Amino acid sequence: MRRVKMRPPGSRVFLPFGVKLFISYLVLIIVPIFLFGYIANTILVNSYRAQMNSNLAGTLKQIRDNIAYKMEDTQRLSDLLYYDESMPLELMRYEEGWVSYQTTKKLLIPKFRQVTDSSNLRIWMSIYLKNGTLPEIYNADPQGTDPLTRGNHWDLYHLNRIENKPWFNAFPPEEYGKTVVWRQVEDDSMFGRISLLRRLVDTRDPMELETIGFIRISVYLSEILQSVDAGKIGSGSMLSVSGEGGRRMYASGESGLLLASELGSKAAIDPDRYTILEETLPELGWKLAAYVPNSVVAQDTRKVNLLTLVICLLSVGLISIVAFGVSRFFSRRVSKVVSVLQRFQQGDFHKRIHYRGNDEFTIIAGSLNKLGEQTEHLIQEVYVTNLKKKEAELETLQAQINPHFLYNTLSSISRLAKFGQVEKQHQMVMNLAKFYRLSLNEGQTVISIYHEIEQVQAYIDIQQVKYGERMEVHFDVDPQIVKYMTVKLILQPFIENALQHAWRGDRIYIRVVGRMDDGSGSIVFRIIDDGSGMTRERVEELSGSGSAMSGLGAGKQRKGYGIRNVNDRIKLYFGSDYGVSLYSRQGIGTCVTIRIPVQRRSRGEIRESTRNRIGRTG
């Protein structure tokens, strides 16, 4: 007797989430897909291949026969001259004057006109006669033009014009009524023509065929191959005609432009993507090829598609009814988990979820709730600690600038008082008051670039009293950037350093450049002086890491603290992608580059954003 395991009242059966998904997908999706795919593929391949090959073969034969008819029709025009028994009698009369004139006017011209007027195609017939007593009759077309553009016409030449031509010398020996060659000669290839070439012989004695002339009938290749139309074999298909060596002569279809541009080269066609059938064109020996994309299969398998559609609709109807309830049940639970994770990702750990049941979702909900509670408590502790630490560090860095500058300025005021220069002393005290009024800025650390430049100008006014015409400062700042925000006192320390350490002689020139760098999305300042410059070793010391800077001597640290101070404050406010870099050549000058982000927000917003970032990265 089978024993049944009892469970406590009110408890639910634990069914893992993975098992539920596995059974649902296996029964409702995987089995029907394999079944429908097998049935559709078997019927589709078997029915399509036989039908498509049969249709294509019939179409290619029709195209081939149409081309052969046009070529035979052109050959029949040459037969009018070849088999005319009166022609040899007249053409072999080597008498000049009135006889040759009468022969040309009464016999040749009417026959030539009869031939050209009998053609349904545009033709240009050139007759080359061995009898040099007969006059030449032709129109002199400009070099580089196509005579066939004048319509159906004929020209009469002497045979000696072509006797040295390679194509004439390579012409095969004469067989009565059979020696006819289609070939591109002279400028046929240039103008897209092809010519029927044939001898004129004395046919009165078939055993001794004496050459009395030569016929060349030129027609446009596009007219001979007019029936080569890819529309006859289906959308997306291609038809091409290839000559000797696989040279592309003509193409039609969606890729016709591509194939036409590859005339003279053999286009690579992927046999896995196309069904390819070929026919040989009579007389020419060229290959007529049809390229049908395998995607066209769907157009010729309507019965299979209908059967597949009926099966799919029945399956979809059944699956939809069952899958709707299942997917709705699981999607609600998954969406709750996703929403909590998204809130956690955004930094909000207050969200909580609760499930009824006894499965993995219940365990996940409990774990997420506990994780959120613990993480929120931990972040609060770390945030407060790091925020206080970073704010103290920022205030310390900011406070380092003002005493250093104040000491230097008060020393200058003291020297002015000592020498009794009261007016300069008064002007310097007023400028110093203005500088500190702008520097205090109601306790704000982040100010607009406009105010930063105004503050630098106040400092320059102080130094102008001291140095007079020996100091020249030029501002080249893009007006568009003054509306953006920056950490205050990032320019003044570098101008002060230049005035303290960069003198070369009794004059110094300083240029302050400010531009928007569209490539990096940042604002770049450059303070350039023509002072004494620095050695490469000194630049590396000032541009090195904090550990490297800490190894400098006390004197070097005092000279370089302004660079580190500005660099540290920019990185603390805006991140490690921004800061200060140096370039200097001894005896030439120094260029200080300051890079800050493009920020156009109120001071309170930037301060709050900085506090949040400090709390996260501290």
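**Entry 1: the chain as a whole**

I began with burial and found that 42% of the 618 residues of the protein chain count as buried; buried means under 20% relative accessible area, exposed over 50% and partly exposed in between, with a 1.4 Å probe and protein chains only. I noted that this is a predicted model, in which local features need pLDDT of at least 70 and side-chain atom pairs count only at pLDDT 80 or more, while totals for chains, interfaces and linings use all residues. Residues are numbered from 1 along each chain as its sequence is written, and side-chain values use heavy atoms, with hydrogens and water left out.

I looked up the accessible surface of the protein chain, which is about 34,900 Å², with 54% of it belonging to carbon and sulfur atoms. These areas come from the Shrake-Rupley method with a 1.4 Å probe, and for residues only the protein chains shown count as cover.

I counted 16 helices and 16 strands in the protein chain. Both are DSSP runs numbered from the N terminus: helices are H or I with at least four residues, strands are E with at least two. For contacts (heavy atoms within 4.5 Å), I took pairs at least 6 apart in sequence and found that 67% of them join residues at least 24 apart.

**Entry 2: confidence**

I checked pLDDT, the predictor's confidence in each residue, from 0 to 100. The mean for the protein chain is 76, and 71% of its residues reach 70 or more. Among the elements, strand S14 (residues 522-529) has the highest mean pLDDT, 94, and helix H14 (residues 546-550) the lowest, 37.

I then looked at the two ends. Over residues 1-6 the pLDDT stays under 50, and the model has zero contacts there beyond four places in sequence. Over residues 603-618 the pLDDT is also below 50, but this stretch has 33 contacts in the model beyond near neighbours in sequence.

**Entry 3: the nonpolar cores**

I looked for nonpolar cores, that is, sets of buried Ala, Val, Leu, Ile, Met, Phe, Trp, Tyr and Cys residues joined through side-chain atoms within 4.5 Å. The largest has 53 residues, of which Ile-495, Leu-499, Ile-570, Ile-594 and Ile-596 touch the most other members. Helix H11 (residues 449-467) supplies the largest share of this core, nine residues. Another core lies apart from it, with 47 residues that include Val-115, Ile-194, Val-219 and Leu-281.

I picked Ile-594 and listed its contacts beyond four places in sequence; among them are Ile-490, Phe-494, Phe-525, Ile-570 and Val-580.

**Entry 4: a five-stranded sheet**

I traced an open sheet of five strands in the order S2-S1-S5-S4-S3, with mixed pairing. Two strands count as paired if DSSP finds at least two bridges between them. Strands S2 (153-158) and S3 (180-183) stand at the edges with a single partner strand each, so one side of each has no neighbour in the sheet.

Inside the sheet, S1 (residues 123-129) and S5 (residues 211-220) pair in the antiparallel sense over seven bridges. Met-125 stands opposite Ile-217 in S5.

**Entry 5: strand S6**

Is S6 enclosed or open? I found five of its five residues buried, so S6 is largely enclosed by the rest of the structure. On one side the buried residues are Met-238, Ser-240 and Ser-242, and on the other Leu-239 and Val-241.

S6 pairs with strand S7 (residues 248-253) in the antiparallel sense over five bridges, and Val-241 stands opposite Tyr-250 in S7. The hairpin of S6 and S7 has five residues between the strands, and Gly-245 takes a positive phi near 70° in it. S6 also runs antiparallel to strand S9 (residues 287-293), joined by five bridges.

I looked closer at Ser-240, which has 0% relative accessibility and counts as buried. Its bridge partner in S9 is Ala-289. Beyond four places in sequence, Ser-240 touches residues including Arg-248, Tyr-250, Lys-287 and Tyr-291.

**Entry 6: two more residues**

I placed Ile-233 in the loop between helix H6 (221-224) and S6. Ile-233 counts as buried at 11% relative accessibility, and its contacts beyond four places in sequence include Leu-56, Thr-59, Met-238 and Val-292.

I placed Asn-431 in helix H10 (residues 422-440) and found it buried, with a relative accessible area of 13%. Asn-431 touches Ala-458, Asp-461, Ile-462 and Val-465, leaving aside residues up to four places away in sequence. The C-alpha atoms of Asn-431 and Ile-462 are separated by 5.6 Å, with the two residues 31 apart along the chain.
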